[in-house]
Amino acid sequence: MKTKNLALVVIIALVVILGGCGCSSYNGLVKGDQDVKTSWSNVETNYQRRTDLYNSVIKTIEGSANFEKSTLKEVLDARARATSVTVNIDDPQSLEKYQQAQGQLQGAFGRLMAVAEAYPDLKTTQSFRDFQAQIEGTENRINIARRDYNSTVNTYNLKVKTFPNNIFAGFFRFSEKPYYKADPGSEKAPDIQFNIK
């Protein structure tokens with residue numbers, strides 16, 4: 001009789017311990033998942049700020065009657081592509097498409113700004129000068145938000161992959177999240193040439 005009671009107590013203790021570990025692991029994984037979503041939302045918020053700033057400067061540039069319309073159209077097309085991409089942070093391909101679209105927008109806008117340098121009247125407008133100051137701060141915010149996102153993903157992925165959480169993660173269908181990666185080719189230093197004569 002004592003062995004049956006002891007066995008019953010051991011079984012109940014194991015159930016309580018595993019249940020507690022399971023609840024703790026599940027809650028930790030849910031919190032980690034929510035932290036990743038919050039971090040990604042911060043990345044998107046900063047990209048939205050950049051898009052809003054780009055929209056303001058595009059309106060300023062459109063007011064310049066002689067400005068090169070083909071360069072402006074390229075930016076408008078890139079902006080439309082960048083804002084049409086929907087990201088599922090559980091899907092690395094959608095994150096990659098988003099990164100590519102944002103990179104194309106940034107590249108097209110960089111070309112627009114280079115062309116704008118040739119228009120002294122445009123460069124002297126207050127809204128254009130304000131934009132130039134704000135865009136630098138926004139790019140820094142984007143970089144910080146991407147870094148924070150990757151840090152949050154790292155913490156979450158460690159929870160998903162380490163023992164014993166990996167058992168509960170598999171059982172509750174929590175999987176790794178993709179990292180935000182650098183644009184292809186960004187590891188190479190740019191080729192800068194000064195043609196000073």
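The protein chain holds 6 helices and 0 strands, so to speak a run of α-α-α-α-α-α from the N terminus on. The model is a predicted one. Of the 197 residues in the chain, 31% are buried. About 12,700 Å² of the protein chain is exposed, and 56% of that comes from carbon and sulfur atoms. As for how the chain meets itself, take the contacts with a separation of 6 or more: residues 24 or more positions apart account for 74% of them.

Two residues give a feel for the helices. T138 sits in helix α5, and its relative accessible area is 0%. Since buried means under 20% relative accessible area, T138 counts as buried. Setting aside neighbours within four places in sequence, T138 is in contact with N46, R49, R50 and L53. V30, in turn, belongs to helix α1. With a relative accessible area of 28%, V30 is partly exposed. V30 can also be paired with F174: the two are 144 residues apart in sequence, and their C-alpha atoms are 8.6 Å apart in space.

Then there are the pockets. Rolling a probe the size of a water molecule over the atoms shows where empty space is left. The largest pocket offers about 230 Å³ of space. Its lining includes P92, L95, E96, Q99, Q100 and G103, along with P178, Y179, K181, A182, D183 and P184. Sorted by class, the lining of the largest pocket comes to 6 nonpolar, 3 polar and 3 charged residues.

The second largest pocket has a volume of about 180 Å³. Its lining is made of 15 residues, and those nearest the centre are R146, Y180, K181, A182 and D183. Helices α1 (2-62), α3 (92-116) and α5 (126-161) each supply at least two residues of this lining. By class, the lining of the second largest pocket splits into 3 nonpolar, 7 polar and 5 charged residues. K181, A182 and D183 turn up in both linings: they line the largest pocket, and they are among the residues nearest the centre of the second largest one.

Note on methods
Residues numbered from 1 in each chain as written. Predicted model: local features only at pLDDT ≥ 70, side-chain atom pairs only at ≥ 80, totals over all residues. Heavy atoms only, no water. 1 Å grid on protein atoms, 1.4 Å probe; cavity = no way out; pocket = protein on both sides within 12 Å on 5 of 7 lines; lining within 4 Å. Points joined across faces, edges and corners; volume = space filled by probe spheres on them. Nonpolar A, V, L, I, M, F, W, Y, C, P; charged D, E, K, R; others polar. Helix = DSSP H or I, 4+ residues; strand = E, 2+ residues; numbered from the N terminus. Buried < 20%, exposed > 50% of the residue type's maximum accessible area, 1.4 Å probe, protein only. Contact = heavy atoms within 4.5 Å. Areas by Shrake-Rupley, 256 points an atom, 1.4 Å probe, with all protein chains shown as cover.
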